[in-house]
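Here are my notes on the model you sent over. I've kept them as numbered points so you can go through them with the structure open.

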Amino acid sequence: MSAGSQELLKSFDHLPETEKREVASEIIRRTFALDRDQLDEKQLTALYAEFADDDRELAGEGTEDYVRGLVGEDAR
């Protein structure tokens with residue numbers, strides 16, 4: 001790690017907790033922006049499709065849990 005990076009981390013350690021979270025979030029956002037810039041259109045399309053599939057699966061699971069909860073309430 002470079003001296004500049006080490007100095008940045010030392011400064012980060014002295015920040016209040018709320019500012020640490022804000023700075024960390026911004027660093028993560030910028031890191032993902034860099035990664036996104038390096039992906040080609042085909043890779044992005046595949047990632048979006050994968051995320052959409054995952055989202056549909058999670059939504060289905062959430063709906064199933066909700067229905068089970070309703071059935072449980074009706075049984076009481």
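**Notes on the model**

1. Let me start with one side chain. Arginine 56 counts as exposed, because its relative accessibility is 55% and the cut-off for exposed is over 50%. Bear in mind throughout that this is a predicted model.

2. What does arginine 56 pair with? Its salt-bridge partner is aspartate 53, and the closest N and O atoms are 2.5 Å apart. The two sit 3 residues apart in helix α3, so about one helical turn separates arginine 56 from aspartate 53. Aspartate 53 itself is partly exposed, with a relative accessible area of 43%.

3. How many salt bridges are there by this rule? The count comes to 2. Besides the arginine 56 pair with aspartate 53, there is a salt bridge between the side chains of glutamate 17 and lysine 20, at 3.5 Å from N to O. Here too the partners share a helix: glutamate 17 and lysine 20 both lie in α2 (residues 17-38), 3 residues apart, which is about one turn.

4. Are glutamate 17 and lysine 20 buried or exposed? Glutamate 17 counts as partly exposed, because its relative accessibility is 48%. Lysine 20 has 17% relative accessibility and so counts as buried, the cut-off for buried being under 20%. It's a charged side chain worth looking at on screen, given that buried residues make up 4% of the 76 residues in the protein chain.

5. Now the overall layout. The protein chain has 3 helices and 0 strands, and reads α-α-α along the sequence. Helix α1 covers residues 3-13, α2 covers residues 17-38 and α3 covers residues 41-75.

6. As for overall shape, the protein chain has a radius of gyration of 21 Å, where a compact globule of 76 residues would have one near 11 Å. Its C-alpha atoms fill a box of roughly 65 × 40 × 15 Å along the principal axes. To put one distance on that, take alanine 3 and glutamate 50: they are 47 residues apart along the chain, and their C-alpha atoms are separated by 39 Å. Alanine 3 is in helix α1 and counts as exposed, because its relative accessibility is 62%.

7. On the surface as a whole, the accessible area of the protein chain comes to about 6,900 Å², and 56% of that belongs to carbon and sulfur atoms. In terms of charge, there are 10 positive and 20 negative side chains, with the centres of the two sets 4 Å apart.

8. Where do negative side chains gather? Glu50, Asp54, Asp55, Glu57, Glu61 and Glu64 form a negative surface patch. One of them, glutamate 61, is found in helix α3 and counts as partly exposed, because its relative accessibility is 38%.

9. There's a nonpolar patch on the surface as well. Tyr66, Val67, Leu70 and Val71 form it, with about 380 Å² of accessible area together. Leucine 70 has its place in helix α3, and at 34% relative accessibility it counts as partly exposed.

10. To pull helix α3 together: this helix holds the pair of arginine 56 and aspartate 53, glutamate 61 from the negative patch and leucine 70 from the nonpolar one. If you color residues by type, that's the helix I'd look over again.

Key. Residues numbered from 1 in each chain as written. Predicted model: local features only at pLDDT ≥ 70, side-chain atom pairs only at ≥ 80, totals over all residues. Heavy atoms only, no water. Patch = residues over 30% accessible without salt bridge, like charges linked within 9 Å, V, L, I, M, F, W, Y side chains within 5 Å. Areas by Shrake-Rupley, 256 points an atom, 1.4 Å probe, with all protein chains shown as cover. Salt bridge = Lys/Arg side-chain N within 4 Å of Asp/Glu carboxyl O. Charge placed at Lys NZ, Arg CZ, Asp CG, Glu CD. Helix = DSSP H or I, 4+ residues; strand = E, 2+ residues; numbered from the N terminus. Buried < 20%, exposed > 50% of the residue type's maximum accessible area, 1.4 Å probe, protein only. Rg over C-alpha atoms; globule rule 2.2 N^0.38 Å.
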